[in-house]
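Visitor: Before we begin, could you show me the chain we are going to discuss?

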Amino acid sequence: MTTLLDGYREHIVATHKQPLFLLLVGFITSFVFIRFSVRMIRAQVRWWPGNVTPGGLHIHHMVFGLGFLLAGGIGVFATYGGHPWIDVFGLLFGIGCGLVLDEFALILHLDDVYWSEQGRKSVDAVIFGILFTGLLLVGYVPLGAEPTGETRWGLVTIISVNALAMVVTLLKGKVWTGLLGIMVPGLSWVGAIRLARPSSPWARWRYAASPRLRSRALRRERLLHRRADRARTWLFDLIAGAPDKVPAHHPAAHRVAEQMAARATAHLDAHAARALARRSARLADRRSAAGGAEHPSGSRRSTGAVGAAAYGGSDGYGGAAGRAGRHGRSQQRRRVVRAGRSRTYAVEPAGQEPRPDRRRRLRTRTRRMSR
């Protein structure tokens, strides 16, 4: 214990890094606490207080984080950075960083994607922030060089080469390597030399005309990066909890629900259109039957004459009237089939007694369709 205290005084207090150390402590503590809290809320543990919902309004912990950030940042300027206030405000600023970055995905997507796959961006942001602060604490400086007079041209060279390598690494789809390469120059150089990921902009620009390089990138993605992604997913599930398989508030879920509703509405509309067409066909049949009973001279035919005309003439089958009747019935069948019926039969004219030498015609039947 004495050794730890001596090391703390020597490497933290003596080097004036205590505010940064307290910022890192507040960062890690707030992130661990809030993740524990949301996992207890998700598990619906009775003894845990739960969400803050005054008046039914769910207040995200990002709001409290913004309050801590404002208090810490403004407090440092208000007290001119003097001790011990700079240590206190550094701790408050670190707490605010942890609370805000834990909902980084919500700020990015402007949607509650905390327990979805998109919510993993929050864990990425928190881990990167902790690593960046930790590297600053242990003595690394951005771009790997200190601005002294003797190393002026060397500093310019290191900054230029490292910035170029960092941009190339990010274009190759290696986000973590490129971001950490800001602090460790050699890391971004290695990422710039190696093959790009197949889905990166660099691969789309440079590997389209080189099938050999694209096949190598795909093989490396399949063998190496997918294993690393599985390990990363397992680690993130352990830290932050597994995401929902079908997030309740994700826009994709709303799009799927809207598509299903649109399909159901289209099905109902098609069914209603078919029913309307069937009703129109039946009405047209009745009107045509009523119009056929009217004689061209204006007087009605006798019942026998109507029946004979309906069956195709005086002999039942011959003559022009019979051909016209058969043609009219075939057109009626075609109209009804187009309207959605499967079969139809001729209707016996009203008041007509069935002939003993002929088969009685059946009434029109329609196949009912269930929704």
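Visitor: Which residues form a nonpolar patch on the surface, and about how much accessible area do they have together?
Guide: Bear in mind that this is a predicted model. The nonpolar patch on the surface is made up of Val52, Val63, Phe64 and Phe68. Their accessible area together is about 320 Å².

Visitor: Is Val52 buried, partly exposed or exposed?
Guide: Val52 lies in the loop between H2 and H3. Its relative accessible area is 40%, and because buried means under 20% and exposed means over 50%, Val52 counts as partly exposed.

Visitor: How far apart are the end C-alpha atoms of helix H4, and what span should its residues have?
Guide: Helix H4 covers residues 85-101, and its 17 residues, at 1.5 Å a residue, should span 24 Å. The end C-alpha atoms agree with that expectation, being apart by 24 Å.

Visitor: What covers the buried residues of H4?
Guide: The buried residues of H4 include Asp87, Phe89, Cys97, Leu99 and Val100, and among them are also the glycines Gly90, Gly94, Gly96 and Gly98. Their cover includes helix H5 (104-109), helix H3 (61-78) and H2.

Visitor: Which helices each supply at least two residues of the largest nonpolar core?
Guide: The largest nonpolar core has nine residues, including Val168, Leu195, Trp202, Tyr207 and Ala217. Leaving aside residues up to four places away in sequence, Ala217 touches Leu195, Ala196, Pro198 and Tyr207. The helices that each supply at least two residues of this core include H7 (152-171) and H10 (201-206).

Terms used
Residues numbered from 1 in each chain as written. Predicted model: local features only at pLDDT ≥ 70, side-chain atom pairs only at ≥ 80, totals over all residues. Heavy atoms only, no water. Core = buried A, V, L, I, M, F, W, Y, C linked by side-chain atoms within 4.5 Å. Buried < 20%, exposed > 50% of the residue type's maximum accessible area, 1.4 Å probe, protein only. Helix = DSSP H or I, 4+ residues; strand = E, 2+ residues; numbered from the N terminus. Contact = heavy atoms within 4.5 Å. Expected span 1.5 Å × (residues − 1). Patch = residues over 30% accessible without salt bridge, like charges linked within 9 Å, V, L, I, M, F, W, Y side chains within 5 Å. Areas by Shrake-Rupley, 256 points an atom, 1.4 Å probe, with all protein chains shown as cover. Salt bridge = Lys/Arg side-chain N within 4 Å of Asp/Glu carboxyl O.
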